[in-house]
Amino acid sequence: MRLLAVGLVLLFIVGCKPKEKKIVDYNGKYVEYIERNEIWLEGDIKISLTIENGAKVVYLIRHAEKDTVPKGNPILTKDGYDRSYRLAEIFKKTRLDAIYSTLYNRTMHTVDSLCNAKGLPTKIYQPKNLRQLGNDISSSKELNKVMIAGHSNTTPAMANVLMDYKILDKGFPESDYDNLLVVNMLPDGQKKLYQLRFK
């Protein structure tokens, strides 16, 4: 009898245990393409971004693979140019209001194909003025979908500026060129960061 009572209690406890919520982790997933407000990832996974009522989407990338010469301001390698063409392909079906780059060959060449495809000029920003750039984008009524090309240290730093706290605590490794960070800033003040990749 006692064994039966213990069994019933255990059955009750197991039956009443709340079901775990399945959390889909997008971090590290590769982007296939972006169409309007939807990011399509490998495996037919879709992320729907909020883009209405004053919401903003900021895409952050590091420059593509760079050459070793000229030493201070190198251009891209063949792999780097291939990545820049792929970037333009990924963004073909979505609108961008502005494309920003630092004044270096490697960042400007990374977004050249994208600028040409969108008919947009490259807007130059200073890496030391990330806070100002973040404020300009946040306060603008015209800049709702923006791409920012930066560097291994400034791209995570720009994500921290847009998120208003240090969510990423280190730069990208020197050999890491495929990060695509997406910050979705919602009208109610909420902010979401998606750490994605592209190839």
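In the hairpin made by strands S8 and S9, five residues sit between the two strands, and one residue there, Gly-189, takes a positive phi near 95 degrees. This is a predicted model, so the angle, like every other value here, is computed. The two arms of the hairpin, S8 (179-185) and S9 (191-197), pair in the antiparallel sense over seven bridges. One of the pairings puts Asn-179 opposite Arg-197, its bridge partner in S9.

Stepping back from the hairpin, S8 and S9 belong to an open sheet of six strands, and the order across it reads S6-S5-S7-S4-S8-S9, with mixed pairing. The edges go to S6 (122-124) and S9; each has a single partner strand, so one side of each is left without a neighbour in the sheet. From one strand to the next, the twist averages 25 degrees. Elsewhere in the sheet, S5 and S7 run parallel and are joined by four bridges. Ser-101 takes part here, with Ala-149 of S7 as its bridge partner. Helix H5 packs on the sheet, where it touches S4, S7, S8 and S9, and its direction makes about 160 degrees with that of S4.

How enclosed is H5 by the rest of the structure? Buried here means under 20% relative accessible area. Nine of the 10 residues of H5, which spans residues 154-163, are buried, so the helix is largely enclosed by the rest of the structure. The buried set takes in Thr-154, Thr-155 and Pro-156 at one end, then Met-158, Ala-159, Asn-160, Val-161, Leu-162 and Met-163. The cover over these residues includes strands S4 (56-62), S7 (145-150), S8 and S9, along with helix H4 (130-139). Just after H5 comes Asp-164, with a positive phi of about 70 degrees.

The hairpin strands turn up again at the largest pocket, which holds about 190 Å³ of space. Its lining includes Asn-179, Gln-195, Leu-196 and Arg-197, so the bridge partners Asn-179 and Arg-197 both appear in it. Gly-28 is also on the list, as are Leu-168, Asp-169, Lys-170, Gly-171, Phe-172, Pro-173 and Asp-176. S9 gives the largest share of the lining, three residues. By class, the lining splits into four nonpolar, four polar and four charged residues.

Two threonines in loops make a handy pair to look at. Thr-94 lies in the loop between helix H2 (78-90) and strand S5 (98-101), while Thr-77 has its place in the loop between S4 and H2. Is each of them buried or partly exposed? Thr-94 has a relative accessibility of 5%, so it counts as buried. Thr-77, on the other hand, is partly exposed, because its relative accessible area is 23%.

Their contacts can be listed too, leaving out residues up to four places away in sequence. Thr-94 touches Ile-34, Arg-36, Lys-118 and Lys-145. For Thr-77, the contacts are Glu-65, Lys-66 and Asp-67. Of these, Lys-66 is 11 residues from Thr-77 in sequence, and the C-alpha atoms of the two are 5.4 Å apart in space.

Conventions: Residues numbered from 1 in each chain as written. Predicted model: local features only at pLDDT ≥ 70, side-chain atom pairs only at ≥ 80, totals over all residues. Heavy atoms only, no water. Buried < 20%, exposed > 50% of the residue type's maximum accessible area, 1.4 Å probe, protein only. Contact = heavy atoms within 4.5 Å. Pairing = 2+ DSSP bridges. Axes fitted to C-alpha atoms, helices over the stretch in contact; angles between N-to-C directions. 1 Å grid on protein atoms, 1.4 Å probe; cavity = no way out; pocket = protein on both sides within 12 Å on 5 of 7 lines; lining within 4 Å. Points joined across faces, edges and corners; volume = space filled by probe spheres on them. Nonpolar A, V, L, I, M, F, W, Y, C, P; charged D, E, K, R; others polar.
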